[in-house]
Every structure is written in structure tokens, then in C-alpha cells.
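This report walks through selected features of one protein chain. The sequence and the structure come next.

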Amino acid sequence: RKDTKFVFSQSKLLQLLDRLKPFYRILEIEGKRTFIYDNTYFDTDEFFFYTQHHNECRKRFKVRHRRYCETNDQYFEIKVKDNKNRTIKKRLRINEMNGCLGEGERDLVSEIIGLSPEQLTPKLDIQFSRITLADNSFNERLTIDTNLSVKNGISSKIFDQLVVSEIKQK
């Protein structure tokens, strides 16, 4: 898929949602429209993945544990952004997010990234609330993340006025 990100102030969110209303439908499950996500991102001690992203490398990786708080479903995910700016996600269901990589997770890291899994440790915890919209023809999704909270083991920061939105297209 192809992903395009946008960052803007939460003060513009209601206006944006109002303008999108004719073109998108909101995901609603059992009356809920906002869902909480917990993520733990892994990297090397040298921040190899962060450096790839920062330097806008054409091929780069994200490695994370993700928990969908409402259902407690948990996954290990590797996202690969390829040299054509397409995102490919591989994921594996896990039993718990304990900051360690299990055997299947280590195998995926070796196979997909080619790094020794022992080089990866948890570096960043991120929690946010997500609204998901689908366009009327179901060709793309639009995610809207708010209430962003970030912890790096030493300090934490809440970005309560920030919105991170992403269009995900096939």
C-alpha cells in the first residue's frame, strides 16, 4: 500500500471531519468510534531504524509490538517502506507485550531485516487514540490519531494538541 502522513493542530480536526463527511464513513464497533493503541518500538543501540527514517532512506524498517486496547489483541509487526515508497507490513500474533522478542519474532527480524534480533531492544512507547475512516468506494482508509503520549524510558511527553493523520491506499 501507499501511505501519506499529515500532521496538524487538533483545533482543525472538527472542520476537517465535517469536510470529509460526504466522502468517508467512520469505523464503528459496538458503538465505539475511537480506539486506543499501545505500541513499543524496537531499535538498535545506535538507533539504526530511526536514522534510516530521519535520513529518508528509500528502504527502511519499523519494528514494534502493538496492542489494540479494546480487544487486547497483540501483534509483533515489521513495516518495510520500499524504494518505491510502498509500505509492506508483516505481523505475527503474540500473547503479551513484555519488551522481549519471542522465537517467531526473532525469526522474522532475521528473515526480513537481516539483523541479529539480539541487537534490538525496546526504545519508545507510544499510546494514542485512533479514529478510522474508509472512503465510500473502500479504496482507501484514513486514520486520525490524537492524544499522543510518548515515553522513551527516561522521560515522557503528551502531545494533546497534535493530530497525526495518514491516508492508506492500495
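Which residues line the second largest pocket? The model examined here is a predicted one, and in it the lining is made up of L14, L17, D18, L20, K21, Y24, R25, I26, R33, T34, I131 and L133.

## The second largest pocket

The volume of the second largest pocket is about 240 Å³. Three elements, α1 (13-20), β2 (24-26) and β7 (121-135), each give at least two residues to its lining. Helix α1 makes the largest contribution to that lining, with four residues.

Sorted by class, the lining of this pocket holds seven nonpolar residues, four charged residues and one polar residue. The charged and nonpolar names can be picked out of the list, including D18, K21, R25 and R33 on one hand and L14, L17 and I131 on the other.

## I26 and T132

I26 belongs to strand β2 and is one of the residues lining the second largest pocket. Is I26 buried, partly exposed or exposed? I26 has a relative accessible area of 32%, so it counts as partly exposed, since that class lies between the 20% and 50% limits. Apart from neighbours within four places in sequence, I26 is in contact with R33, I131, T132 and L133. Of these contacts, I131 is 105 residues away from I26 in sequence, yet the two C-alpha atoms are 7.4 Å apart in space.

T132 is found in strand β7. Its relative accessible area is 12%, so T132 is buried; the limit for that class is under 20%. If residues up to four places away in sequence are not counted, T132 touches R25, I26 and L27, and also R141, L142 and T143.

## Nonpolar cores

The largest nonpolar core has 14 residues, and the members that touch the most others are F49, V63, F76, I78, V109, I113 and L120. Strands β4 (60-68) and β5 (73-81) and helix α3 (103-113) each supply at least two residues of this core. A second core, separate from this one, consists of 10 residues, among them L13, I131, V163 and I167. I131 also appears in the lining of the second largest pocket.

What does F76 touch beyond the residues up to four places away in sequence? The contacts of F76 are V63, R64, H65, K90, R91, L92, I94, L101, E105, L108 and V109. V63 and V109 are, like F76, among the core members that touch the most others.

## Aromatic pairs

A pair of aromatic rings is described by the distance of the centres and the angle of the planes. The model has five aromatic pairs. One of them joins Y68 and Y75 edge-to-face, with 6.0 Å from centre to centre and 80° between the planes. Y68 and Y75 are both buried. Ring pairs also link these two tyrosines with Y37 and F128 into a cluster.

## R91

R91 lies in strand β6, which covers residues 87-93. With a relative accessible area of 39%, R91 is partly exposed. Leaving out residues up to four places away in sequence, R91 touches Y68, Y75, F76 and E77. Two of these contacts, Y68 and Y75, are the partners in the edge-to-face pair. R91 and K59 are 32 residues apart along the chain, and their C-alpha atoms are separated by 18 Å.

Conventions: Residues are numbered from 1 along each chain as its sequence is written. This is a predicted model: local features need pLDDT of at least 70, side-chain atom pairs count only at pLDDT 80 or more; totals for chains, interfaces and linings use all residues. Side-chain values use heavy atoms; hydrogens and water are left out. A nonpolar core is a set of buried Ala, Val, Leu, Ile, Met, Phe, Trp, Tyr and Cys residues joined through side-chain atoms within 4.5 Å. Buried means under 20% relative accessible area, exposed over 50%, partly exposed in between (1.4 Å probe, protein chains only). Contact means heavy atoms within 4.5 Å. On a 1 Å grid over the protein atoms alone, a cavity is a set of points where a 1.4 Å probe fits but cannot get out, and a pocket is an open set with protein on both sides within 12 Å along at least five of seven lines; lining residues have an atom within 4 Å of a point. Grid points are joined across faces, edges and corners, and a volume is the space filled by probe spheres set on the points. Rings of Phe, Tyr and Trp (its six-membered ring) pair if their centres lie within 6.5 Å; planes under 30 degrees apart count as stacked, over 60 as edge-to-face and the rest as tilted.
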